[in-house]
Each structure stands twice: as structure tokens, then as C-alpha cells.
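User: I want to learn how to read a protein model. Can you take me through some features step by step?

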Amino acid sequence: MAARSSVLVFGGRGFVGAAVARELAKRGASPVLSVARSDRPGAGGELGPGVEHRSGVDALQPETYKSLLAEAKAVVISIGEAPWAEQTGGSKDQAIKMNGLSNIAVLRAAAEQKVPKIVLVNATMPSWGLLQGYREGKEMAEAEARLYPETSGLGPEGCSVLILKPGVVAGTKYWGSMPVPMGLAMAPMRLALRCFSGPCNWLEAKMPGVFGGVLKPAVWVDELAQAAADTVQGSSFKGVQVLTPDSLVGYKAA
């Protein structure tokens, strides 16, 4: 069997996925494959050198990417729809499909191919009714990722599964070719929430259903990308690891 070398980034045209793909390429991972249904640029902007985009890949149809998984040393899953989509023309069922079932399909296909490294981009969130489908989907995906050592047959010592759970993610998004520097808008609030982390943590602990993730500082998209790349390129842990906003805010590459 040929040595595994590729890294597949599902949702590699998106805001977080593109940042992860660029960080991996910068670190010398090769090949880095951004996979998605479409060729259209997304919120992540240009992928840059070292990243190859593959279109025609539907997460819910493993036959469209099964052959790619056979050569993958790692899979990064950054797919889903925005938490507010359910209330702006979407539906609970669609939110569960996009944030849960699509992620689960990739995880199970990767487990079948025994891919040794997995990064799942998930979320920390409150239990508001407005986010019910989004939350249920994300919880389903996380539960499946936690089972990966068993479902893949690799066991806790044979794989590394990183679950990233930011609250708000900030950075520069793209509207077509136009950059939208959301990081600038979020920077003052991030600083304030870091300064008042004690009272904010107390409120979250008392009322997690209301404030879970809401009072956490925004995580820069580059911090997420660095955490993901650390796992793919030089993981120092085995089994399942979960990084919440407390670990992600201020994250420095290993």
C-alpha cells in the first residue's frame, strides 16, 4: 500500500476551511486538497499556492470522494451552514443535515478507510431554541467524532481526533473578491471579554443554556488554522482532544 500523504479539507472554500488549507500548505503539507461541491470562490478567499481545489465532491455522497480518502493521512471537516440560517429561510431539518449528517458521512467514510488524523471544526453555543437544528447537528457530529477511534478500528493509540469548538470566529471574510475585515470589528469586544473573563466565566457556569459560548472572546480564524495544522503535521496526542475557546483564544502554533 502506498504511503498516505494527502490532506483533504472539506469545506476548503469556506472561511475556516480556506484558512486551514493555506496554513497546511505554508507548513509544507503536500498535497493539500480543498474539496467542495462547487468551483466558486467562497468566504475564505483565494486558496493560494500549494492548495489544489477539487469540485464535484458532496459530503453526503461518499462515492464522490472515497477514492481520495484512500491516500489521505488526514481529513479536516469544516462544513455546515450558519447558525442563523434556520431562522432566515432555512429549516431545522436542513440545519441538522448540513451541520450534522454531512459531517457524520465524512467521518464514517474516513473511518472505513482508516484515516489516522481527523480535525472536526465544531462550535460552542448556547441552547437557544432559535439554534435548535444547528445545535443538534453540531452535537451529532461531535458525538460521531468522539467514537472515531472505535468506528475506525484504529483504537485510541492509532489515531488523533481533534474537535475544535470556538464560539465566534473572526477574521477577514470575502464577499466575492472584496475583503471584509470582520476581525477589526471584533477586536475591541475580544479584548473586553478577555479582560473580564472572570465574571463572564461565572455567568456561563451559572447559566450555560443562556450564555454558553456567548461570553467567550472571538477566536481568530488563524488560531483555528494553527491548531488544526498542529494536529495534521505534528500531533503530540493520541485519541480524542477537544479545544474550547479557553484554549483557542491566543493559541500559538506548536
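Analyst: Start with strands. A strand is a DSSP run marked E, at least two residues long, numbered from the N terminus. Here His-53 is found in strand β3, residues 51-54. Keep in mind that this is a predicted model.

User: Is His-53 buried or exposed?

Analyst: Buried means under 20% relative accessible area. His-53 has 17% relative accessibility, so His-53 counts as buried.

User: Which residues is His-53 in contact with, leaving aside its neighbours within four places in sequence?

Analyst: The list is Arg-13, Ser-34, Val-35, Ala-36, Ser-38, Asp-39 and Leu-47. Two of these names come back as polar partners. The side chains of His-53 and Ser-34 are joined by a polar contact of 2.9 Å. A polar atom of the His-53 side chain also lies 2.8 Å from the backbone oxygen of Ser-38.

User: Now helices. How many Å should helix α1 span?

Analyst: Use 1.5 Å times one less than the number of residues. Helix α1, residues 15-26, has 12 residues, so the expected span is 16 Å. Its end C-alpha atoms are 17 Å apart, which agrees. Try helix α9, residues 221-234, next. With 14 residues it should span 20 Å, and its end C-alpha atoms are 20 Å apart.

User: How many residues of α1 and α9 are buried?

Analyst: Both helices are mostly covered. In α1, 10 of the 12 residues are buried, among them Phe-15, Val-16 and Leu-24. In α9, 10 of the 14 are buried, including Val-221, Leu-224 and Asp-230. Just past α1 comes Gly-28, with a positive phi near 95°.

User: What about a residue in helix α3?

Analyst: Take Ala-111, in helix α3, residues 92-112. Ala-111 is buried, at 6% relative accessible area. Beyond residues up to four places away in sequence, Ala-111 touches Tyr-148, Thr-151 and Ser-152. The C-alpha atoms of Ala-111 and Lys-92 are 27 Å apart, with their positions 19 residues apart along the chain.

User: How should I read a salt bridge?

Analyst: Side chains of opposite charge can pair when their charged atoms come close. The count here is 12 salt bridges. In one of them, Glu-112 meets Lys-66 at 3.2 Å, N to O. Glu-112 lies in helix α3 and Lys-66 in helix α2, so the pair ties together parts 46 residues apart in sequence. Glu-112 is exposed, at 54%, and Lys-66 is partly exposed, at 39%.

User: Where do Arg-108 and Glu-144 lie?

Analyst: First, the bond: Arg-108 forms a salt bridge with Glu-144, with the closest N and O atoms 3.2 Å apart. Arg-108 is in helix α3 and Glu-144 in helix α4, 36 residues apart. Arg-108 is exposed, at 52%, whereas Glu-144 is buried, at 10%.

User: Which residues form a nonpolar patch on the surface?

Analyst: Trp-128, Leu-130, Met-207, Val-210 and Val-214 do. Together they have about 430 Å² of accessible area. Val-210 lies in helix α8, residues 208-211. Val-210 is partly exposed, at 41% relative accessible area.

Note on methods
Residues numbered from 1 in each chain as written. Predicted model: local features only at pLDDT ≥ 70, side-chain atom pairs only at ≥ 80, totals over all residues. Heavy atoms only, no water. Patch = residues over 30% accessible without salt bridge, like charges linked within 9 Å, V, L, I, M, F, W, Y side chains within 5 Å. Areas by Shrake-Rupley, 256 points an atom, 1.4 Å probe, with all protein chains shown as cover. Salt bridge = Lys/Arg side-chain N within 4 Å of Asp/Glu carboxyl O. Helix = DSSP H or I, 4+ residues; strand = E, 2+ residues; numbered from the N terminus. Buried < 20%, exposed > 50% of the residue type's maximum accessible area, 1.4 Å probe, protein only. Polar contact = N/O pair within 3.5 Å; in protein donor to acceptor, adjacent residues only side chain to side chain. Contact = heavy atoms within 4.5 Å.
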